Amino acid sequence: MITATSSTCNTWVHISHFVVYALDMFDSSSHWDHLHESPRFRPIYPNDHVVRFLMSSRELLVKYHPARFLDIGSGAGRHTTLAAELGFQAFGIDLSFVGLQHARERVLAANLHASLAQASMLALPYRDCSFAAVLSYGVFYYGTAHEMRQALAEVRRILVNGGRAFVVLRTTDDYRFGKGLLLGHNTFQLNISDTNEFHTTQHFLAADDILVYFAKFGQVSFEKTETTFGNRSGVNSDWLITVEK
């Protein structure tokens with residue numbers, strides 16, 4: 001059964017375990033829906049950097065009760081499921097309804113619970129100061145500089161005081177940088193055919209940008225991780241950014 005309700009802020013539809021927020025996001029959602037149809041884009045195992053973040057954040061389970069965790073761009077749910085397994089009250093949002101369907105199946109298969117919603121990183125459908133931990137793994141660089149700043153402002157808004165976030169962003173050393181139409185400073189609409197990200201808008205950060213973009217957070221630390229491919233002909237380069245409000 002499907003029920004719908006209207007309000008002055010959003011129109012939402014509740015379908016089983018999903019909440020769908022009617023925002024201006026559906027051009028992008030069709031792109032990710034198509035990708036999530038393929039097992040290649042539904043990795044099973046959590047990223048090791050995310051595992052380390054969640055394991056090092058278990059103190060939040062004691063400090064905040066319940067300790068709510070939000071996975072922004074949850075995809076097929078590998079990190080949402082891990083957070084639930086570790087004892088967090090897990091939430092996940094994504095643009096892709098197909099991805100969320102797979103996330104729901106993964107959570108249920110593990111006999112766990114998570115609240116999943118189709119929503120935009122630019123307007124998180126949650127109250128201020130309502131999450132102890134937030135994750136955004138490889139999501140906020142899909143868009144312009146303004147959109148990245150808006151997404152980060154949303155993270156800060158929903159974090160409790162003392163809450164932590166882990167954000168993975170692309171560096172200007174990544175092989176995709178500069179390969180496309182220049183839309184603004186360090187922002188390109190990609191035109192390379194060797195990636196599933198063809199025609200997506202991506203914003204890249206240099207090291208000096210990080211403290212500017214995250215200036216409103218209380219504590220900021222970051223590392224760089226790189227992986228070469230094609231006999232070292234290319235490099236995937238990311239910032240691993242941990243912040244506290």
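## Strands, turns and a pocket in a predicted model

Strands β12 and β13 form a hairpin in which 4 residues lie between them, and in the turn G230 has a positive phi of about 60 degrees. The structure in which this hairpin is found is a predicted model, and its angles and pairings are best read with that in mind. The two strands of the hairpin, β12 with residues 219-229 and β13 with residues 234-244, run antiparallel and are joined by 11 bridges. One of these bridges can be followed by eye, since F229 has G234 in β13 as its bridge partner. As background, the strands of a sheet pair through backbone hydrogen bonds, and this pairing is either parallel or antiparallel.

### A sheet of three strands

An open sheet of 3 strands, with antiparallel pairing, follows the order β9-β10-β11. The edge strands are β9, covering 180-184, and β11, covering 201-203, each of which pairs on one side only. Direction ignored, neighbouring strands of this sheet are turned by 30 degrees against each other on average. The table sets out antiparallel strand pairs of the model with their bridges and an example of residues that face each other.

| Strand pair | Bridges | Example of facing residues |
|---|---|---|
| β9 and β10 | 4 bridges | G180 and L190 |
| β10 and β11 | 3 bridges | T187 and H203 |
| β12 and β13 | 11 bridges | F229 and G234 |

Within the pairing of β10, residues 187-190, with β11, a further position to look at is F188, which stands opposite Q202 in β11.

### Backbone details in two loops

Which residue of the hairpin of β9 and β10 takes a positive phi near 55 degrees? The residue is N186, in a hairpin that has 2 residues between the strands. N186 is found in the loop between β9 and β10, and N186 has this positive phi of about 55 degrees although it is not a glycine.

Another backbone detail concerns a proline, for the peptide bond that leads from H65 to P66 is cis, with an omega near 0 degrees. P66 itself has its place in the loop between α3, residues 60-63, and β4, residues 68-72.

### The second largest pocket

The second largest pocket of the model has a volume of about 170 Å³. Its lining is made up of R149, L152, A153, R156, V212, Y213, F214, A215, K216 and F217. Two helices, α6 with residues 145-158 and α7 with residues 207-213, each supply at least two residues of this lining, and the largest share, 4 residues, comes from α6. By kind, the lining residues of the second largest pocket divide into 7 nonpolar, no polar and 3 charged.

### How far to trust the coordinates

Across the chain the mean pLDDT is 87, and 83% of the residues reach 70 or more. Over residues 1-26, however, pLDDT stays under 50, and for this stretch the model has 50 contacts beyond four places in sequence. Where pLDDT is low, the predicted coordinates should not be read in detail. A careful reader will therefore not read detail into predicted coordinates where pLDDT is low, and a stretch to keep in mind here is residues 1-26, where pLDDT stays under 50.

Notes: Residues are numbered from 1 along each chain as its sequence is written. This is a predicted model: local features need pLDDT of at least 70, side-chain atom pairs count only at pLDDT 80 or more; totals for chains, interfaces and linings use all residues. Side-chain values use heavy atoms; hydrogens and water are left out. On a 1 Å grid over the protein atoms alone, a cavity is a set of points where a 1.4 Å probe fits but cannot get out, and a pocket is an open set with protein on both sides within 12 Å along at least five of seven lines; lining residues have an atom within 4 Å of a point. Grid points are joined across faces, edges and corners, and a volume is the space filled by probe spheres set on the points. Ala, Val, Leu, Ile, Met, Phe, Trp, Tyr, Cys and Pro count as nonpolar, Asp, Glu, Lys and Arg as charged, and the others, Gly among them, as polar. Two strands pair if DSSP finds at least two bridges between them. Axes are lines fitted to C-alpha atoms, for helices over the stretch in contact, and angles run from 0 to 180 degrees between N-to-C directions. pLDDT is the predictor's confidence in each residue, from 0 to 100. Contact means heavy atoms within 4.5 Å.
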